[in-house]
Structures are given as structure tokens and as C-alpha cells.
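Work through the exercises below with the model open beside you. Try each task before you read its solution.

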Amino acid sequence: MLTKRGYGLNRRDFIRLAGGTVAALGFSGALTPKLARAIEKAAAGRPKVVWLHFASDTGCTESFIKSDHPSAGELVLDILSVDYHESIMAAAGKQADEVLAKAVAGKDYICVVEGGIPTVPGHGMINGREMLDIAKEVCGNAKAVVAIGSCAVDGGVPAAKPNPSRILGVGEAIGKPVVNLPCCPVNPEWLVGTVVYVLTMGKLPELDKKGRPLMFYGRKIHDNCPRRTHFDGGRFVEAFGSKEEAQGYCLYKMGCKGPEAWSECPKTRWNSKESWCIEIGSPCLGCSENQWTDNFAPFYGKLADVALPFGDLTADKIGVGIAVATGAAIVGHAVVKASRGKSADDSKK
Ligand code: SF4
Ligand code: F3S
């Protein structure tokens, strides 16, 4: 395959890719040479990928083309054979249909699905065909199906109430188990990590009950959040533009859904690990969870049923409480010290 650097990836490229993947997946660095060999071997066969688009804003493709461990270019040109992708391929119209028919003929491909699937007849059509029929046929014959982004996982934003097109996630629409990679958009490293895992390990990663790989969705954001010490200390932002916001306090009272959201956003981060939602000052909207647009509305409304460390008190009252408690502790300590001193003095008698 002709690339910018010449023909394909060289040995050093594979070591670099493996190093990035090892870091992204949180594996030990000692695995790098082994993983490099495995990626090289997998790339020699260039597994086929067919990428389908349904009801979405193409944000996950935008996210994917920003991937850098490896880059989308390396993935598309050197490691995988992405035989069909409506947004990045040159073919269009009838020619695109022919490309798809040829790509799926051998039933030897992984199908990546972006977007939810309208199930009301006539509400989601591509070139005269129902999206649902295309999904059933192409996903039905795939070796594995990976649903990327919230829309493909459970309908996402397009399926928000009242959902007149009855948009479903791909797994539910086609009635087949799929690997679910939610979030809006999907983090490109989770997609790349899942594909590389399958290629190198020859099996799917361990999944949770919602079909999400545990290596990317195994921990709550709240348990991994750099603002957690402020939550535990009762220090909250109560208004945007406040000094508490400038001090980076906890965003729970501004509607943060981190206590209910499971994903590795704080660790994987976005844009070449530059930042992520909470770091740039936005409450987490919980987009890693099913029906997040309905279940977590209003986005800036406080989650119910989260036990606050000091009850639902303001930071000022907590401050007073701590001062009182501290004062009591100092007095108590002084009493104990005095009585110990007295005992010690007594013992000298
Ligand atoms: Fe972080 Fe949100 Fe939890 Fe606060 S509520 S510690 S901002 S995840
Ligand atoms: Fe979504 Fe929250 Fe991560 S909004 S992208 S789950 S920080």
C-alpha cells in the first residue's frame, strides 16, 4: 500500500504504534514488542472493515479522523482495509452501492456502525432502501459488529423523546449482540483500542452487561475525577463565572453526571490527550449511559440521590461546620493532653 512515507509501515512504525496502544490500553510497556509483532501480523492480512452511517451528525467519524495512536491514516491505509466508508471514500451514488456490494460479498469483514436506526418505514432511507434493511443485511453477515457513539448504541440524541422515527441502537434493531462504544462522540482511542485488541488477541475484549469493553467503561468518572477532592471536601461551584468555578471546585451542583457515568474519559482524554469535558469546566452530561438525553435532562440540573459528604450544605456552612468541629477537636485534644499531663504529673507523685 502506497502511503506518504512510501510502501506501508516499517518496523519502527509498528513499534511506535504498539507503544501508543500499550499506553492507551493501560498495558505494561513490556508488552510493546509483542504487540508490535501482533499488529504487524494482523496488518499483513489487512482485515476488512465496512463502516455504515445511519441517523447521526457524523461526529464519530470526525472523532475517528483525529485519532493518533495510531492515526486514522495509518489505520485506514496500512492496518485495516476500510472498504466502505461513505464520508471518506471517493465513490458516491451508484458507484458507492457497487463498492458496498463488493465489500460485503465475502462475509469476511468487521462492521462498524455509526448512527441510530430509524424503524418507522420511510423515515430513514439510503438510495431507496430502508436503513434498517441495510443494517440487517450488512451487520447480519459481519464477523463482528462494533456500534460507535451513543446514536449507534441506543439511538442517542436522534432517539430523544418523543422519537417519532422510533430510532433504535444497532444491537436492538438487528437483534444481534454487538460491541457498544458509547459517548457523544466516541473517543477515537477506544475504537482504535478495541480494533487493535481484536486483531492482536483474536477475541473480543471483556464486556459489561451493556456490551461495553470494561477496559474503557469499567470505572465511574466520579471515582477518577481530578475534582473529587473538592466533592469530598464539600467545595462546589454554585454558579458559572464565580470564584469557585475559577478555583476548579466540583461541578456536581452545576449538573455533573459523573457519579452515574461509567467511562475512562478522565484517563483517555480527547484531542491527543489534551483535555476532557470536566477539565475544560463543563459538567459531565453522562453521555456514556443509555438514554442519557432523556434520563439526565436537564443537562445542568443536579443529580438526585447522590450522598453528599456533608449533606446538601453550602461550602460556607460546611466551612463553619468544619471550624466548629475543628475547634471541638482542639478543645478535646487539649483536654486529653491536659489530663494526660495531669496523669503523668500524678504518676510522678
Ligand atoms: Fe468530578 Fe463531577 Fe464527581 Fe464533581 S461530581 S467530583 S466534577 S465527576
Ligand atoms: Fe460524556 Fe461525561 Fe465523558 S459527557 S464524554 S461521559 S466526561
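The exercises that follow go from the whole chain to its ligands and then to single residues of this predicted model.

**Exercise 1. The chain as a whole**

Task: Find how many helices and strands the protein chain has, and what share of its residues is buried.

Solution:
- Step 1. Count the secondary structure. The protein chain has 15 helices and 11 strands.
- Step 2. Turn to burial. Of the 349 residues, 48% are buried.
- Step 3. Look at the surface. The accessible surface comes to about 17300 Å². Carbon and sulfur atoms hold 58% of that surface.
- Step 4. Check the contacts with a separation of 6 or more. Residues 24 or more positions apart account for 71% of them.

**Exercise 2. Two ligands**

Task: State where ligand 1 sits and where ligand 2 sits, then describe the shell of each by class.

Solution:
- Step 1. Place ligand 1. It sits in the largest cavity.
- Step 2. List its neighbours. Ligand 1 is surrounded by 13 residues. The closest are H222, C225, C250, L251 and C256.
- Step 3. Sort that shell. Around ligand 1 there are 9 nonpolar, 2 polar and 2 charged residues.
- Step 4. Place ligand 2. It sits in the largest pocket.
- Step 5. List its neighbours too. Among the residues around ligand 2 are the cysteines C265, C277, C284 and C287. The tryptophans W270 and W276 also belong to this shell. I221, L285, G286 and S288 complete the list.
- Step 6. Sort this second shell. Ligand 2 has 8 nonpolar and 2 polar residues around it, and no charged ones.

**Exercise 3. A residue beside ligand 2**

Task: Follow C287 from the shell of ligand 2 to its other neighbours.

Solution:
- Step 1. Start at the ligand. C287 is one of the residues that surround ligand 2.
- Step 2. Locate C287 in the chain. It lies in the loop between α13 (265-268) and α14.
- Step 3. Leave out residues up to four places away in sequence. C287 then touches S150, P182, C183, C184 and W292.
- Step 4. Take P182 from that list. C287 and P182 are 105 residues apart along the chain, yet their C-alpha atoms are separated by 7.3 Å.

**Exercise 4. Burial in one helix**

Task: Decide whether helix α4 is mostly covered or mostly open, and name its buried residues.

Solution:
- Step 1. Find the helix. α4 spans residues 72-79.
- Step 2. Count. Of its 8 residues, 6 are buried, and the helix is mostly covered.
- Step 3. Name them. The buried residues are A72, E74, L75, V76, D78 and I79.

**Exercise 5. Two buried loop residues**

Task: Show that G115 and P205 are buried, and find what each one touches.

Solution:
- Step 1. Place G115. It lies in the loop between β5 and β6 (117-118).
- Step 2. Apply the cut-off. Buried means under 20% relative accessible area. G115 has 1%, so it is buried.
- Step 3. Find its partners beyond four places in sequence. G115 touches F54, A55, S56, I148, C151 and A152. G115 and A55 are 60 residues apart in sequence and 4.5 Å apart in space, C-alpha to C-alpha.
- Step 4. Place P205. It lies in the loop between α9 (188-201) and α10 (214-217).
- Step 5. Apply the same test. P205 has a relative accessible area of 5%, so it is buried.
- Step 6. Find its partners in the same way. P205 touches T194, Y197, V198, P213 and M215. From P205 to T194 the C-alpha distance is 7.2 Å, at 11 residues apart in sequence.

**Exercise 6. Backbone details**

Task: Locate two cis peptide bonds and two positive phi values outside glycine.

Solution:
- Step 1. Go to K161 and P162. The bond between them is cis, with omega near 10°. P162 lies in the loop between α7 (149-154) and β10 (167-168).
- Step 2. Go to A297 and P298. Their bond is also cis, with omega about -5°. P298 lies in the loop between α14 (292-295) and α15 (315-348).
- Step 3. Go to K107. Its phi is positive, near 50°. K107 is partly exposed, at 49% relative accessibility.
- Step 4. Go to N127. Its phi is positive as well, about 50°. The loop that holds N127 runs between β7 (125-126) and β8 (129-130). At 56% relative accessibility, N127 counts as exposed.

Note on methods: Residues numbered from 1 in each chain as written. Chains lettered and ligands numbered in written order. Predicted model: local features only at pLDDT ≥ 70, side-chain atom pairs only at ≥ 80, totals over all residues. Heavy atoms only, no water. Near = heavy atom within 4 Å. 1 Å grid on protein atoms, 1.4 Å probe; cavity = no way out; pocket = protein on both sides within 12 Å on 5 of 7 lines; lining within 4 Å. Sits in = over half its atoms within 2 Å of the grid points. Nonpolar A, V, L, I, M, F, W, Y, C, P; charged D, E, K, R; others polar. Helix = DSSP H or I, 4+ residues; strand = E, 2+ residues; numbered from the N terminus. Buried < 20%, exposed > 50% of the residue type's maximum accessible area, 1.4 Å probe, protein only. Contact = heavy atoms within 4.5 Å. Areas by Shrake-Rupley, 256 points an atom, 1.4 Å probe, with all protein chains shown as cover.
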